[in-house]
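Trainee: Please give me a close look at a single part of this structure. Start from one residue, then work outward to what surrounds it.

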Amino acid sequence: MTPHTVAVVTTSRADYGLLKGTMRALAKDHSLRLKIVVCGSHLDRARGFTVREILKDGFSVSARVPSTPDGDDALAVARAVGRATSGFVAAYARLKPALVVVLGDRWELLAACSAAVAAGIPLAHLHGGESSEGVIDEQVRHAVTKLAHLHLPAAEAYRRRILQMGEDP
């Protein structure tokens, strides 16, 4: 049997820490082929170039999608989302994942998830249904929840919130 490719997208040290155990489990499963796609602050030298931590942990990075904004305003972030979307399309075309796994609410996920949905690749979202104070974080998380095919909330209260959003139990 040919292993199914699972692409895990990580945007920062924060989500990587939560994804690391899942990534280790996927890597050990012989029916799956783990492909790690990095973007966001992992590739930003001003924010520590944390892709090195992933490599130091023994993982290989299958794709790097640049997504650093060219400025500090909302339009710079919007331009970065557009560039990153194209980068994720190229990465998915090359990696051919059967599933894309994402976690959280960072704006880079808009690019990763919209590219997956447009390409017809199922999407699994970890930590959906949570709530945060930042307006864009809240909007991104809920948008990702609506785009996702598989929901993996961290607590019962978050599962209920996902169901309130109209998702299939």
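**A residue in strand 1 and its surroundings**

Mentor: T10 counts as buried, at 0% relative accessibility. Buried means under 20% relative accessible area, exposed means over 50%, and partly exposed is in between (1.4 Å probe, protein chains only). This is a predicted model, in which local features need pLDDT of at least 70 and side-chain atom pairs count only at pLDDT 80 or more, while totals for chains, interfaces and linings use all residues. Residues are numbered from 1 along each chain as its sequence is written, and side-chain values use heavy atoms, with hydrogens and water left out.

T10 lies in strand 1. Helices (H or I, at least four residues) and strands (E, at least two) are DSSP runs, numbered from the N terminus. Leaving out residues up to four places away in sequence, T10 touches D15, Y16, L19, I36, V37, V38, C39, H42 and I54. Contact here means heavy atoms within 4.5 Å.

Two of those partners lead into nonpolar cores. A nonpolar core is a set of buried Ala, Val, Leu, Ile, Met, Phe, Trp, Tyr and Cys residues joined through side-chain atoms within 4.5 Å. In soluble globular proteins, nonpolar side chains tend to be buried together.

Take V37 first. V37 belongs to the largest nonpolar core, which has 27 residues. V37, V9, F88, Y92, V100 and V102 are the residues with the most contacts inside that core. Five elements give two or more residues to this core: strand 1 (4–10), helix 3 (74–95), strand 4 (99–103), helix 4 (108–118) and helix 5 (135–147). Helix 3 supplies the largest share, seven residues.

V100 shows how that core is joined up. Not counting residues up to four places away in sequence, V100 touches A7, V9, Y92, A116, I121, P122, L123 and A124. Now take I36. I36 sits in another core, apart from that one, with 19 residues; L26, F49 and L126 are also among them.

Follow helix 3 next, to its contact with helix 4. Their axes come within 8 Å and cross at roughly 45 degrees. Axes are lines fitted to C-alpha atoms, for helices over the stretch in contact, and angles run from 0 to 180 degrees between N-to-C directions. Helix 3 and helix 4 are therefore oblique to each other. Angles under 35 degrees count as roughly parallel, over 145 as roughly antiparallel, 65 to 115 as roughly perpendicular, and the rest as oblique. The crossing of helix 3 past helix 4 is right-handed; that is, the near helix is turned clockwise from the far one by less than a right angle. Helix 3 makes the contact with V81, A84, T85, F88, V89 and Y92. Helix 4 answers with E108, L110, A111, A112, S114, A115 and A116. The buried residues in helix 4 are E108, L109, A111, A112, C113, A115 and A116. After helix 4 comes G120, whose phi is positive, near 75 degrees.

Now the charged side chains. Side chains of opposite charge can pair when their charged atoms come close. A salt bridge is a side-chain nitrogen of Lys or Arg within 4 Å of a carboxyl oxygen of Asp or Glu. The whole structure has eleven salt bridges.

Two of them start in helix 1. R13 pairs with E53, the closest N and O atoms being 2.7 Å apart. That links distant parts of the chain, with R13 in helix 1 (residues 13–28) and E53 in helix 2 (residues 51–56), 40 residues apart. E53 is partly exposed, at 27% relative accessibility. K20 pairs with D57, and there the closest N and O atoms are 3.3 Å apart. K20 is in helix 1 and D57 is in the loop between helix 2 and strand 3 (63–64), 37 residues away along the chain. K20 is partly exposed at 24% relative accessibility, and D57 is partly exposed at 26%.

Strand 3 holds R64. R64 is partly exposed, at 44% relative accessibility. Leaving aside neighbours within four places in sequence, R64 is in contact with V38, L43, F49, V51 and L55. V38 brings us back to the start, as T10 touches V38 too.
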